[in-house]
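Reader: I have a model open and would like to learn how to read it. Could you take me through it feature by feature?

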Amino acid sequence: MTTSAGPAGTEGLPAALLLLGRDSDLSSERGVECPGELPSPSDPDLVERARAARAALGERAFVLGHHYQRDEVIAFADVAGDSFKLAQEAAARPEAEYVVFCGVHFMAESADVLTADTQQVVIPDLAAGCSMADMATLEQVEDAWEVLVEAGVAEDVVPVSYMNSSAAIKAFTGRHGGTICTSSNARSALDWAFGSRPAGSAKVLFLPDQHLGRNTAVLELGLSLDDCVVFDPHRPGGGLTGRQLRDARMILWRGHCSVHGRFTAANVADVRSRIPDVNVLVHPECRHEVVTAADLVGSTEFIISALDAAAPGSAWAIGTELNLVRRLATRHPDKRIVYLDRTVCFCSTMNRIDLPHLVWSLEQLVAGRVVNRITVRPDVAGWARAALDRMLALPKTR
Ligand code: SF4
């Protein structure tokens, strides 16, 4: 599948999520069915088949597993990490002919942008998208830029796009002189963006996660909530007046993560009442009220290191994806590690990739058939790469 954006003629499709795995919208990564014969989930030989296919591919394949993947998939990952670490790991393995990306679609796109042309990136299930990335389409963002032009502020605006965005949005960012950021370096990205214009004049258009943008601007750069406005792509003019756009320092896109956005300040109060001396540690994709009620906030990699370094016997409530929290609880039996919300929630799109899909994609590669390949058009990839390269020059914060 050629993406980003998407196969020719699909640009600007409405972002509404289709039912995953249902229907057959072949022009979208969402809602597609597996184009092959999947092994049955109850096949008792699945693990052995995965081992055999992996061994047969040897160094010709490199399997990446995002931290939010299921244990049964992570077990076959050559490396586990967050989205950016995985893209870098893929780029560092030029000898691998196939990069099997067990994560979601935008991550596979970034891997394709950063790897050599000779490498082919495969995602075991094309329906593994990201609801947050889907909240900002290229057409919507181009329209928003027109609004900024009409308000007379576009020259002062620097786009900063979260890694969790399509390659088309990354390319938009590169074309307009902006940078990509991760949850580990969002502060550095904002510092760079605000410093790239004469003092006090810069504004940032932060895409597509309003929460990461707001939390970083307010808690790490010291901006006020009043410095931030939310641009709603579903309302005329983003739902903002020209005056609001001119006064704002941070123009936050109205997007969010459907997993991290579920946590509430009431969850924090509840866990504190249940577990004495609990440390509440949340991801910056959580809402501002949650982040301010927590004890610590940080990226996936920060959460992992904080728990590695935590004292035996300490108690932790973690506000991030459930597969990772469960794995951390297993890894640290000497610490009490619980999910922040009593109602547990996986990332449903990450979970699309399971052992049957992994076995199927590996066995197809063994048979010489490249399935579910993700490629980014060269013109899109060039600008996306420019924005990613700008990020690579930023210092890591956390
Ligand atoms: S956890 Fe949130 S941001 Fe990450 S892939 Fe799932 S929906 Fe997207």
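Author: We go through confidence, sheets, helices, the ligand and two backbone details. This is a predicted model, in which local features need pLDDT of at least 70, side-chain atom pairs count only at pLDDT 80 or more, and totals for chains, interfaces and linings use all residues. Residues are numbered from 1 along each chain as its sequence is written.

Reader: What is the average pLDDT of the protein chain?

Author: pLDDT is the predictor's confidence in each residue, from 0 to 100. The protein chain averages 90, and 91% of the residues score at least 70.

Reader: Over which residues does pLDDT stay under 50?

Author: Where pLDDT is low, the predicted coordinates should not be read in detail. Here that concerns residues 1–29, where pLDDT stays under 50. The model has 71 contacts beyond four places in sequence for them; two residues are in contact if their C-beta atoms, placed from the backbone, lie within 7 Å.

Reader: What is the order of the strands in the sheet of five?

Author: Helices (H or I, at least four residues) and strands (E, at least two) are DSSP runs, numbered from the N terminus. Two strands pair if DSSP finds at least two bridges between them. The order is E7-E6-E8-E10-E9, in an open sheet with parallel pairing. Its edge strands, E7 (179–181) and E9 (228–231), each pair on one side only.

Reader: How many bridges join E6 to E8?

Author: Five bridges join E6 (residues 157–162) to E8 (residues 203–207), and the two run parallel. Valine 158 has valine 204 in E8 as its bridge partner.

Reader: Which strands do helices H6 and H7 meet?

Author: Axes are lines fitted to C-alpha atoms, for helices over the stretch in contact, and angles run from 0 to 180 degrees between N-to-C directions. Helix H6 (residues 167–175) lies across E6, E7 and E8, at about 150 degrees to E6. Helix H7 (residues 186–195) packs on the sheet and touches E6, E7 and E8, its direction making about 155 degrees with that of E7.

Reader: What is the order in the sheet of four strands?

Author: This open sheet has the order E12-E11-E13-E14, with parallel pairing. Strands E12 (296–297) and E14 (336–339) are the edges, each pairing on one side only. E11 (residues 279–282) and E13 (residues 315–319) pair over four bridges, and valine 280 stands opposite alanine 317 in E13. Helix H13 (residues 322–331) packs on this sheet, touching E13 and E14, at about 165 degrees to E14.

Reader: At what angle do H3 and H4 pack?

Author: Two packed helices are described by the angle between their axes and the distance between the axes. For H3 (residues 83–91) and H4 (residues 105–114) the angle is about 35 degrees, and the axes are 9 Å apart. In H3, Ser83, Leu86, Ala87, Ala90 and Ala91 meet Met107, Ser110, Ala111 and Leu114 in H4.

Reader: How many residues surround the ligand, and which are the closest?

Author: A residue counts as near a molecule if its C-beta atom, placed from the backbone, lies within 6 Å of it. There are 13 residues around the ligand, the closest being Cys130, Met132, Cys257, Val259 and Cys347.

Reader: Which peptide bond is cis, and where is its proline found?

Author: The bond from leucine 207 to proline 208 is cis, with omega near -20 degrees. Proline 208 is found in the loop between E8 and helix H8 (210–220).

Reader: What is phi of aspartate 277?

Author: Phi of aspartate 277 is near 60 degrees, a positive value in a residue other than glycine. Aspartate 277 is in the loop between helix H10 (265–274) and E11.
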